[in-house]
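User: Hi! Could you walk me through this model? I'd like to start with the charged pairs.
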Amino acid sequence: MAAESPVESLQEEATCPVCLEYFTEPVSVECGHNFCRACISQCWEGSNTAPSCPQCRETVQQRNLRPNRQLANLVEITKRLSLGAAKGAGGERVCGEHQETLKLFCEEDQTPICVICGESRAHRTHTVVPIQEAAQEYKERIQTQLKTLRKKREKLLGLKVTGERNSQEFLKQTQTERQKAEFQQLWQFLEEQERLLLAQLEKLDEEIVRIQNENVSKLSKQISHLSELISEMEGKCQKPASEFLQDIRSTLSRCEKGKFQQPEEISPELEEQVSGFSQKMIVLLETLGKFKDTLPSALQTKRGGSLGTFRQVNVTLDPETAHPKLLLSDDRKSVSLGGTQQNLPNNPERFDYWSCVLSCEGFTSGRHCWEVEVRDRGGWAVGVARESVRRKGQISHSPEGGIWAVGRWLGQFQALTSPVTRLPLSRAPSRIRVCLDCDRGQVTFIDAGDEAPIFTFPPGSISGGRIRPWLWSGGSRLSLCR
């Protein structure tokens, strides 16, 4: 087979892979492939599953079709080159053997031929039809097959999404049950250790009290004996010399026998035991406190806990960071996406590509929580961001870009990880509690309606200076609860 000419290669690059015609209003999808705007819209029309590229089948996270103006210019140039090449060859492709225009199509050999070829011995007994008629017939057959293939593909994509969703739900359930069992066992172990330490400390208390009581009894007897001896000696000293010196040796001997006897002291071993048990108890209580904060919601509820020592904070939105299309309420507690862009100064703090806004408040240490009410009429995301997060142009909605959040986009609940993590939520939460632990570098999202956990970025995920609450509105109204 002869190699393609440069014009043919250019024609192939300027052809839509769906309709097999030159691109009309070419647009690009996220994976980099190009299609006619009408073709890609028709492919995605009526689909309830996540959209995907018809060429590589890669799932597209958002239907953000970008006009490819360079490709549109290339198509126009290709058309002119093709027209010039056609004119140079008599307006049509020619037979390599007879240099005649290819006007016929041989059904048996499935190839275009010229009129001379049609009369030749090789094709005389074959069925030949006009080439334009054959092209139209085969295009109709191909289009029919394309419709069938698209339906099959959409069905398979639906089965794939359903299977993935079911698998995630089952995995979530098994993980939750496993955590409950592990946490319950660990909690029981720690409680048992606490009981043992308290019992041992109680025995130490009894030993210390026994020693103290014995010492008090002995000292009381010695004090009474010495008091009697002192009174006797003081009286003897008041007597005349002749009477005083009588039996003086015996008197001195009695004084010497009245020496003070030291009470029994707390042994170093006992002191060491007390100190050791005190340290163990301190460590155990600290462990119990930290452990309680990491309990799953169901186990916390069972034990009568909630979120431990998280401090409820009052959060307000910073208008200096709000995208020009965002509308903030007068009290700066609510935000929604407007239809037109406001004439606001393009200061360095303001987001200018994604409709995001930060709060005025920021945190570097401690444990803080706040709640966001979501009126779900479009896309949204809530979470936290590093204060140094990029504000201008494209930004990465992920921990790599300095953002830790959950949200809803195109009907899918997601944790904005990299790549995103789909969340198997059965319904849209109307009120989300954000719990930020700066000291552990962790943020947890909870459905404030039923206290069910939504997602947790694990300890050590968040680092890098001051952290601020962050909101993104793709149509929903978000309100910070008072």
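User: Which side chain does R468 meet in a salt bridge?

Analyst: The partner of R468 is E387, at 3.4 Å, N to O. A salt bridge here is a side-chain nitrogen of Lys or Arg within 4 Å of a carboxyl oxygen of Asp or Glu. R468 lies in strand 19 (residues 467–474) and E387 in the loop between strand 12 (379–386) and strand 13, so this pair ties together parts that are 81 residues apart in sequence. Helices (H or I, at least four residues) and strands (E, at least two) are DSSP runs, numbered from the N terminus.

User: Is R468 buried or exposed?

Analyst: R468 counts as buried, at 7% relative accessibility. E387 is partly exposed, with a relative accessible area of 30%. Buried means under 20% relative accessible area, exposed means over 50%, and partly exposed is in between, with a 1.4 Å probe and protein chains only. Salt bridges that share partners join D318, E387, R466 and R468 into one network.

User: Before I go on, what should I know about the model itself?

Analyst: This is a predicted model, where local features need pLDDT of at least 70, side-chain atom pairs count only at pLDDT 80 or more, and totals for chains, interfaces and linings use all residues. Residues are numbered from 1 along each chain as its sequence is written, and side-chain values use heavy atoms, with hydrogens and water left out.

User: Thanks. How many salt bridges are there?

Analyst: The structure holds twelve. One of them joins R431 and E371 at 2.5 Å, N to O. That pair links distant parts of the chain, with R431 in strand 16 (residues 431–437) and E371 in strand 11 (residues 367–375), 60 residues apart.

User: Which other side chain meets E371 in a salt bridge?

Analyst: R433 does, at 3.0 Å, N to O. E371 sits in strand 11 and R433 in strand 16, so this pair ties together parts that are 62 residues apart in sequence. E371 and R433 are both buried, whereas R431 is partly exposed at 32% relative accessible area.

User: Switching topic: how many disulfides does it hold?

Analyst: Zero, counting a disulfide as a pair of cysteine sulfur atoms within 2.5 Å. As for cysteines, C356 is buried with a relative accessible area of 0%, and C481 counts as buried at 14%.

User: And the strands? What order does the open sheet of three strands have?

Analyst: The order is 2-1-3, with antiparallel pairing. Strand 2 (34–36) and strand 3 (66–67) stand at the edges with a single partner strand each, so one side of each is left without a neighbour in the sheet. Two strands pair if DSSP finds at least two bridges between them. Strand 1 (residues 26–28) is joined to strand 3 by two bridges, and S28 stands opposite R66 in strand 3.

User: What does strand 14 pair with?

Analyst: Strand 14 (residues 412–415) pairs with strand 13 (residues 403–409) over four bridges, in the antiparallel sense. Strand 14 also pairs with strand 15 (residues 421–422), antiparallel over two bridges. Q414 is the bridge partner of G407 and stands opposite R422 in strand 15.

User: How many residues lie between the strands of those hairpins?

Analyst: Strands 13 and 14 have two residues between them, and L410 in the turn has a positive phi of about 55°. The hairpin of strands 14 and 15 has five residues between its strands.

User: Last one: how many helices and strands are in the chain?

Analyst: Nine helices and 20 strands. Of the 482 residues in the chain, 34% are buried.
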